[in-house]
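Colleague: Please take a close look at one part of this model for me, the helix packing. Keep the terms explicit, and set that part beside the sheet at the end.

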Amino acid sequence: MQIRALVYFDELVRTNSMRQAAENLNVAPTAISRQIENLEYHFGAPLVERSARGVKLTAAGELLAARAGRTLRELDHVQQLIEDLKGLQRGRVNIYANGATVANLLAPALAEFSLKYPKLRFTVTITSARAAIEAVNSAEADIAVTLFAPPMSGTKVRLRSEIAYDLITSPSHPAATRPDIPVKELADYALALPDQSFGFRQAFDALFEKEGLSFDPVFETSSLEMLKELVLSDAAVTLLPALTVRREIEAGQLRAIPLAGKTSIRTHVDLCVAPDRQLSFAATKLLDFIERFMRERSDRKADRRE
C-alpha cells in the first residue's frame with residue numbers, strides 16, 4: 001500500500017467528491033478512483049459507495065477514515081524528525097489555543113521567538129480549551145496553550161501557571177477607584193460571567209456557596225470578547241485574570257480591582273503536549289521558549305505583589 005493512496009483517500013473523505021478531491025490534488029478524477037481501488041484491493045473490502053450525490057463511506061471506509069488522517073500527520077511528523085537529524089534548522093509548529101491566552105501571552109511569546117528562529121513557520125488555531133486539548137491528543141497540534149481548560153485525560157501538562165481573578169470594571173464604575181473589593185459585595189453589581197462550562201465559573205459558584213452568598217448574573221456567555229464589550233460599555237462588571245485584558249487596562253479603558261483579604265478565585269494557564277509523541281526540533285524549541293516566557297511572567301507578577 002502506497003502513501004499516495006492514503007493521501008487521495010483522505011482528501012476524498014474531506015471533500016466527499018471525486019471531482020473536488022481531484023482538483024485539490026491537481027490530478028485527474030480517474031487517478032483518485034484508481035488509488036481508491038488499490039486500497040480496496042489491499043484491504044479486501046469496498047471502502048466507498050459512489051452515487052450521483054457524491055461518495056458514501058462503507059463501514060470499512062469509516063474505519064479507515066478514522067485513522068488515515070492521524071497516520072498521515074504522524075508521517076509528516078516523522079519527516080520533520082528526519083530533517084532534524086540532518087541538522088535542518090527549519091520546520092513548522094502547529095499550536096492550538098483558546099482565545100483568552102492569545103493577546104497577552106501567546107502572541108508576544110511567538111513574536112519574540114520568531115525573531116530568534118526566522119526560518120521556522122507556525123500555524124496557530126484559536127478554538128475552545130477543550131478542542132485545543134483534543135487536537136493535541138489527535139496529533140493535529142504539537143502544543144496547546146489553554147485557560148479555563150476542563151479536566152481531560154491524554155495530555156501532559158508541561159507547565160501550569162496559577163493566576164488570580166480580579167474584578168474588571170470600566171473607569172467610571174463606582175468600584176474602579178477602590179484598592180480591593182470584598183467578595184460579598186460582588187453580588188451588588190450587575191455581573192457578566194462565563195457560562196458554567198468554564199472552570200472559573202465553577203470555582204466562582206463554589207466560592208459563593210462556601211461564603212453563604214447568592215448572585216444572579218445579568219449576562220452569561222462563552223465569549224471573552226463579549227465579556228469585555230459589556231464591561232467597556234459600562235453595562236456590567238466581570239471577573240477575569242488581569243492578563244486577559246492587559247491591553248485595555250494599559251490603555252485606560254478598564255480597571256482591575258483585586259479581591260479583598262485571603263479570599264481569591266484562581267485558575268490555571270496550561271502548556272500541554274502529548275505524553276507519547278516526540279516533538280520536532282521546531283516544536284521542542286518553541287515549547288521550551290513558551291515555558292520560560294510563562295515562568296518569567298509569573299515571577300514578575302510575584303515581584304510586583306511583594
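Modeller: Here is the helix packing, followed by the sheet.
The model is predicted, so to speak of local features takes pLDDT of at least 70 and side-chain atom pairs count only at pLDDT 80 or more, while totals for chains, interfaces and linings use all residues. Residues are numbered from 1 along each chain as its sequence is written, and side-chain values use heavy atoms, with hydrogens and water left out.

Start with helix 1 (residues 3-15) and helix 3 (residues 29-43). Helices and strands here are DSSP runs numbered from the N terminus (helices: H or I, at least four residues; strands: E, at least two). The two helices pack at about 110°, with axes 9 Å apart. Axes are lines fitted to C-alpha atoms, for helices over the stretch in contact; angles run from 0 to 180 degrees between N-to-C directions. That makes helix 1 roughly perpendicular to helix 3 (65 to 115 degrees; under 35 is roughly parallel, over 145 roughly antiparallel, the rest oblique). Their crossing is left-handed: the near helix is turned anticlockwise from the far one by less than a right angle, whereas clockwise would be right-handed.

Now the residues. From helix 1, R4, A5, L6, Y8, F9 and L12 meet A31, I32, Q35, I36 and L39 of helix 3. To meet is to have heavy atoms within 4.5 Å. This contact holds 9 nonpolar residues, 1 polar and 1 charged. Ala, Val, Leu, Ile, Met, Phe, Trp, Tyr, Cys and Pro count as nonpolar, Asp, Glu, Lys and Arg as charged, and the others, Gly among them, as polar.

Helix 2 (residues 18-25) also packs on helix 3: the axes come within 8 Å and cross at roughly 105°. That makes helix 2 roughly perpendicular to helix 3. M18, A21, A22 and L25 of helix 2 meet P29, I32, S33 and I36 of helix 3. The split is 7 nonpolar, 1 polar and no charged. I32 and I36 thus appear in the contact with helix 1 and in the contact with helix 2.

Now the sheet. It is open, with 5 strands in the order 4-3-5-12-6 and mixed pairing. Strands pair if DSSP finds at least two bridges between them. Strand 4 (120-127) and strand 6 (156-164) stand at the edges, each with a single partner strand, so one side of each has no neighbour in the sheet. The twist averages 15° from one strand to the next. Strand 3 (residues 91-98) runs parallel to strand 5 (residues 143-147), joined by 3 bridges. Helix 6 (residues 129-137) lies across strand 3, strand 4, strand 5 and strand 12 (266-273), at about 160° to strand 5.
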